[in-house]
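Here are some short exercises to work through with the model open beside you. Try each task before you read its solution.

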Amino acid sequence: MWPPPSVFPNRMKSTMSETTLKGIENYLRQRKEQLITRLEKVQQDVTAEHSADWVEQAQERQNDEVMDAIGNESRVELSRINQALERLERGEYTTCSQCGETINLQRLEAVPYTDLCIQCASAAD
Ligand SMILES: [Zn+2]
């Protein structure tokens, strides 16, 4: 029999990793839906018809700025999620984009958008 069973000491571990990765992927997809919904709402609010009253107009402009800031934040997060999902699809999600080492799963659970291992991330700081 080749290879002997003893070359698979990590068998249990890799099954657990797949479960964790699936959980992260589900989280990313859910988060993406949330952000898309939020961005659509922001878009509707910003493009809503403005009042003729100039006092109300000023308030609306202020509101638009807040909504813009929320929108920008959401767009940044959305693009990071899309990148993470692409990396998942290519099977590169757990590979550090800098040194090519495997990124610790606990780190990915904590920071699901990262593409750097802990060593490269702390070197970048
Ligand atoms: Zn690295």
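**Exercise 1: a helix and what follows**

Helix α2 is followed by G91, whose phi is positive, near 75 degrees. This is a predicted model, where local features need pLDDT of at least 70 and side-chain atom pairs count only at pLDDT 80 or more, while totals for chains, interfaces and linings use all residues. Residues are numbered from 1 along each chain as its sequence is written.

Task: find how many residues helix α2 has and what span it reaches.

Solution. Start with the term: helices (H or I, at least four residues) and strands (E, at least two) are DSSP runs, numbered from the N terminus. Next, take residues 54-89, which give α2 its 36 residues. Then go from the first C-alpha to the last: the helix reaches 51 Å, close to the 52 Å expected at 1.5 Å a residue. That expected span is 1.5 Å times one less than the number of residues.

**Exercise 2: two residues of α2**

Task: decide whether E89 is buried or exposed, and do likewise for R61.

Solution. First, the cut-offs: a residue is buried if 20 or more other C-beta atoms (placed from the backbone) lie within 10 Å of its own, exposed if 12 or fewer, and partly exposed in between. E89 lies in α2 and is exposed, because 10 other C-beta atoms are within 10 Å. R61 is also placed in α2, and it counts as exposed with 10 C-beta neighbours inside 10 Å.

**Exercise 3: the whole chain**

Task: describe the pattern of the protein chain.

Solution. Count four helices and zero strands, then read along the sequence to get α-α-α-α. Finally, buried residues make up 7% of the 125 residues.
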